[in-house]
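Open the model in your viewer, switch on a cartoon view and keep the selection box handy. We will go from stop to stop, with a selection to make at each one.

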Amino acid sequence: MTNVLFMGTPEFAVPSLRALVKAGWNVGAVVTRPDRPVGRRQVPSPPAVKRAAEELGLPVWQPERVKDEEFLRRVRDLAPEVAVTAAYGRILPQELLDLPPRGCLNIHASLLPKYRGAAPIQRCLMDGQDRTGITIMKMVQALDAGPIVDQVELAVGEEDDAGTLTERLADLGARLLVDVLPRWLAGEIEPREQDESLATYAPPLCREDEKIDWSQAALAIHNRIRALRPWSGGYTLHRGKVLKIWRTTVEARTGGFGTPGEILAVDRSGVLVAAGAGALWLHQVQPEGKNRMEAEAWARGRRIETGESLGT
């Protein structure tokens, strides 16, 4: 039976691992990142892939470094025919890429060569794209630049955020993987090189990405917030304190708005704020040190009046 080495870490990778097992592939070992401390108490927590692998009764390896000789020796002993990676979180050394006779296939959440890098889903949403997809490529020693084995598109819904889109793409990747793998091992797929002239980069998110710039258009701000949901949210300042923003919609009418960041209205719909172009309804916010709440309740509680500004 074909031996498959699976490498992945977050929830995005779990459907692919489950799909391999369900389809009858022999997953000889699952490689994932080490347990990390999370939360205020910094309690060590296993990655999602480790939890799934243990549930499936699969061997789990958690090397600190994939270049370590002991880890490479274990892979040689396993002798996988092919390796499959999905958001593992580390660039693999050439020695590891060369070990499986049929190479290493990666499941990437974009239509490569667009959005190479660590945050393809979030950057796609920030850019307001209406289409994305899954690419399965053969890995090389360059970031997401390997030849494309197969690719399928997915429409981005207006209500999608990073959480829902990640879930949909993870399921799509799992389906594509079990379709591609037997054809790949049978030598029925000729991978095609990526067009380097079309390549774009999706860098990891940082704290600066979460800061709302009210001089941007309302739609751009809305897209940024949904790209940051459900994990971090966007933030602005109100009366010198951080105000996180979790849910918004763009005001339908155009023209006649105030200066960027100015609060224009407070009603049952939420809080209407002027942007560089158009205006944005805030529906769910989180004041500093508090839980999430409806924007209207926040505004009423703080006795916020129209004419105040966010961002200072």
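Which residue of β9 stands opposite Gly133? Select Gly133 and look across to the neighbouring strand: the residue facing Gly133 is Glu153. The two belong to a pair of antiparallel strands, β8 (residues 131–138) and β9, joined by 7 bridges. Bear in mind as you look around that this is a predicted model.

**The whole view**

Zoom out for a moment. The protein has 312 residues, 49% of them buried, and its fold includes 8 helices and 15 strands. Its C-alpha atoms fill a box of roughly 70 × 45 × 30 Å along the principal axes. If you turn on the surface, you are looking at about 15,100 Å² of accessible area, with 48% of it belonging to carbon and sulfur atoms. Colour by charge and you will find 40 positive and 41 negative side chains; the centres of these two sets lie 6 Å apart.

**The seven-stranded sheet**

Now select the strands of the open sheet in the order β5-β2-β1-β6-β7-β8-β9; these 7 strands show mixed pairing. At the edges are β5 (60–61) and β9 (148–155), each of which pairs on one side only.

Next, pick β1, residues 3–8. All 6 of its 6 residues are buried, so the strand is largely enclosed by the rest of the structure. In a regular strand, side chains alternate between the two faces of the sheet. You can follow both sides here: Asn3, Leu5 and Met7 are buried on one, and Val4, Phe6 and Gly8 are buried on the other. β1 runs parallel to β2, with 5 bridges between them. One pairing to click on is Leu5, whose bridge partner in β2 is Ala29.

**Thr32, just past β2**

Follow the chain out of β2 (26–31) and stop at Thr32, in the loop that leads to β3 (36–38). Is Thr32 buried or exposed? Thr32 counts as buried, because its relative accessibility is 0%. Show its side chain and you will see that one of its polar atoms lies 2.8 Å from the backbone oxygen of Gly8. Setting aside neighbours within four places in sequence, the contacts of Thr32 include Thr9, Pro47, Val49, Trp61 and Tyr88.

**Helix α1 and what covers it**

Select residues 14–22 for α1. Its buried residues are Val14, Ser16, Leu17, Ala19 and Leu20. What covers them? The cover includes β1, β2, α2 (48–56), β7 (104–108) and α6 (162–185). Just after α1, click on Gly24, which takes a positive phi of about 95 degrees.

From here, move to Ala170 in α6. Ala170 counts as buried, with 4% relative accessibility. Beyond its neighbours within four places in sequence, Ala170 is in contact with Phe12, Pro15 and Ser16. For a distance to try in the viewer, choose the C-alpha atoms of Ala170 and Glu55: they are 115 residues apart along the chain and 19 Å apart in the model.

**Backbone details in the loops**

Two cis peptide bonds are worth a visit:

- Leu112 to Pro113 is cis, with omega near 15 degrees; Pro113 sits in the loop between β7 and α5 (120–126).
- Arg229 and Pro230 are also joined by a cis bond, with omega about 15 degrees; Pro230 is in the loop between α7 (218–228) and β10.

Then look at two residues that have a positive phi although they are not glycines. Ala79 has a phi of about 55 degrees and lies in the loop between α3 (69–78) and β6 (82–86). Asp144 has a phi of about 50 degrees and is placed in the loop between β8 and β9. At 10% relative accessibility, Asp144 counts as buried.

**Last stop: the β10–β11 hairpin**

Select residues 234–238 for β10. Of its 5 residues, 4 are buried, so β10 is largely enclosed by the rest of the structure. β10 pairs with β11 (residues 241–250) in the antiparallel sense over 5 bridges. Click on Gly234 and then on Ile245, its bridge partner in β11. Finish at the turn: 2 residues separate the strands of this hairpin, and Arg239 takes a positive phi near 55 degrees.

How values were computed. Residues are numbered from 1 along each chain as its sequence is written. This is a predicted model: local features need pLDDT of at least 70, side-chain atom pairs count only at pLDDT 80 or more; totals for chains, interfaces and linings use all residues. Side-chain values use heavy atoms; hydrogens and water are left out. Buried means under 20% relative accessible area, exposed over 50%, partly exposed in between (1.4 Å probe, protein chains only). Accessible areas come from the Shrake-Rupley method with a 1.4 Å probe; for residues, only the protein chains shown count as cover. Lys and Arg count as positive and Asp and Glu as negative; His and the chain ends are not counted. The place of a charge is taken as NZ of Lys, CZ of Arg, CG of Asp or CD of Glu. Two strands pair if DSSP finds at least two bridges between them. A polar contact is a pair of N or O atoms within 3.5 Å; within protein, one must be able to donate a hydrogen and the other to accept it, and residues adjacent in sequence count only if both atoms are side-chain atoms. Contact means heavy atoms within 4.5 Å.
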